[in-house]
Amino acid sequence: MMAIMTLTTENTATHFSLLTLSGKDGRRFLQGQLSCDMDKLHEGMMMRGALCNLKGRVAASMWIWLQDDVIYLRSGSGMGEIIANTLNKYMVFFDCELTDVSEQYQLWQTAAAGPYASDQPDTEQSRAINTVQVDGANAAVCLDQTSEFGRRYELFVRKQSDASTLLSALPDTLRPLSATDWAIASTELGWVMIHPAISEKYTPQLLNYDLDGTVNFKKGCYTGQEVIARMYYRAEAKQRLYRLKRPLDSSASDFGITKEDNIVFSVTSNEKQVIELVIAPTDDSRRHSDIETITMDA
């Protein structure tokens, strides 16, 4: 179907970092650094991964795809330098090169209407999730399926390039989302994109990364793996990530969220409602009844 969305500079997103890793050792190098299994990465797919420190804390999270034998790492705003400083310490013995290409691209955050029927998993819509369509240097990454906005896509278009061929391969219901609507949609599945203020603050377990597929427990060693695996196999999670929808005139403390660090993400909707991703007790008796469990999309 021919997409009719028009890409304009007025609806671009600026809050992102995009890095590329090129060279014959790129995949092998990242296999020893990231929580996901890089051996399973292939053209046309997107996977989620985390870069952790030796204490098992998440330094960065990212969406990863392969394009013309180059690995792309999409992370949060301001994270490029943090990721580069971390990876460059270990890259000296590998034949690969990390480059921050954020300034070379424009990003559009979009959604295609059409809710996905959960009782029919083998549909075109379900197969599109976690996939990448490319046209030259441009890429359309299908992230997830939300109940309110449909499938979400991030479109990475190299500046001064023609994106018409890429757009023609996407659904004709594709439309730009405002920053607020994108943030609201991000709370539905609750996958946290790390930004500098929360880098190295949380364990994968607190962010549900061990449940949603961001951490692969069958791969080999990577930085922080021993601590992360021990928490997963030997300790029961006493806190996890949940979603809280509350009136604008309330506070998170009214719902038992008293620590500032336990509010991981927050957005105010147009309905005068605040939607937050919060860390709360897994014990139902200790967690406010209005705090919702997040449905995993592993």
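So, Lys24 first: it's exposed, at a relative accessible area of 66%. This is a predicted model, by the way, so keep that in mind throughout. The side chain of Lys24 meets that of Asp25 in a salt bridge, 3.6 Å from N to O. Now, is Asp25 buried or exposed? It's buried, because its relative accessible area is just 9%, and the cut-off for buried is under 20%. So the bridge pairs an exposed lysine with a buried aspartate.

Okay, other salt bridges. A search of the whole structure turns up 10 of them. Let me take Arg240 and Asp210, whose side chains meet at 2.9 Å, N to O. That pair links distant parts of the chain, with Arg240 sitting in strand β11 and Asp210 in the loop between α5 and α6, 30 residues apart. Both Arg240 and Asp210 are buried. And going back to where I started, salt bridges with shared partners join Lys24, Asp25 and Arg28 into one network.

Then there's Lys201 with Asp261, where the closest N and O atoms are 3.3 Å apart. Lys201 is in the loop between α5 and α6, and Asp261 is in the loop between β11 (239–247) and β12, so this bridge ties together parts that are 60 residues apart in sequence. As for exposure, Lys201 is partly exposed at 28% relative accessible area, and Asp261 is partly exposed too, at 39%.

Right, pockets. How big is the largest pocket? About 600 Å³ by volume. Its lining takes in 29 residues, and the ones nearest the centre are Trp182, Ser186, Trp191, Met193 and Phe265. If you're colouring by secondary structure, look at β9 (150–158), α5 (179–189) and β12 (263–268), each of which gives at least two residues to that lining. Helix α5 supplies the largest share, five residues.

Over to the surface. Leu211, Tyr232 and Tyr233 make up a nonpolar patch of about 310 Å². Tyr233 belongs to helix α6, residues 225–234, and it counts as exposed because its relative accessible area is 56%, with the cut-off for exposed being over 50%.

Next, Ser285, which you'll find in the loop between β13 (273–281) and β14 (291–292). Ser285 is exposed as well, at 64% relative accessibility. What does its side chain contact? The side chain of Asp283, in a polar contact of 2.7 Å. For a sense of distance, the C-alpha atoms of Ser285 and Asp68 are 51 Å apart, with the two positions 217 residues apart along the chain.

Last thing, backbone angles, for anyone who likes checking Ramachandran plots. Asp69 isn't a glycine, yet it has a positive phi of about 65°. Asp69 is in the loop between β3 (58–67) and β4 (70–75), and it's exposed, with a relative accessibility of 64%. Asn130 is another non-glycine residue with a positive phi, near 65°. Where does Asn130 lie? In the loop between α3 (124–128) and β7 (131–135). At 22% relative accessibility, Asn130 comes out as partly exposed.

That's my tour, so over to you for questions.

Technical notes: Residues are numbered from 1 along each chain as its sequence is written. This is a predicted model: local features need pLDDT of at least 70, side-chain atom pairs count only at pLDDT 80 or more; totals for chains, interfaces and linings use all residues. Side-chain values use heavy atoms; hydrogens and water are left out. Patches are made of residues with over 30% relative accessible area and no salt bridge: like charges are joined within 9 Å, nonpolar side chains (Val, Leu, Ile, Met, Phe, Trp, Tyr) within 5 Å. Accessible areas come from the Shrake-Rupley method with a 1.4 Å probe; for residues, only the protein chains shown count as cover. A salt bridge is a side-chain nitrogen of Lys or Arg within 4 Å of a carboxyl oxygen of Asp or Glu. Helices (H or I, at least four residues) and strands (E, at least two) are DSSP runs, numbered from the N terminus. Buried means under 20% relative accessible area, exposed over 50%, partly exposed in between (1.4 Å probe, protein chains only). A polar contact is a pair of N or O atoms within 3.5 Å; within protein, one must be able to donate a hydrogen and the other to accept it, and residues adjacent in sequence count only if both atoms are side-chain atoms. On a 1 Å grid over the protein atoms alone, a cavity is a set of points where a 1.4 Å probe fits but cannot get out, and a pocket is an open set with protein on both sides within 12 Å along at least five of seven lines; lining residues have an atom within 4 Å of a point. Grid points are joined across faces, edges and corners, and a volume is the space filled by probe spheres set on the points.
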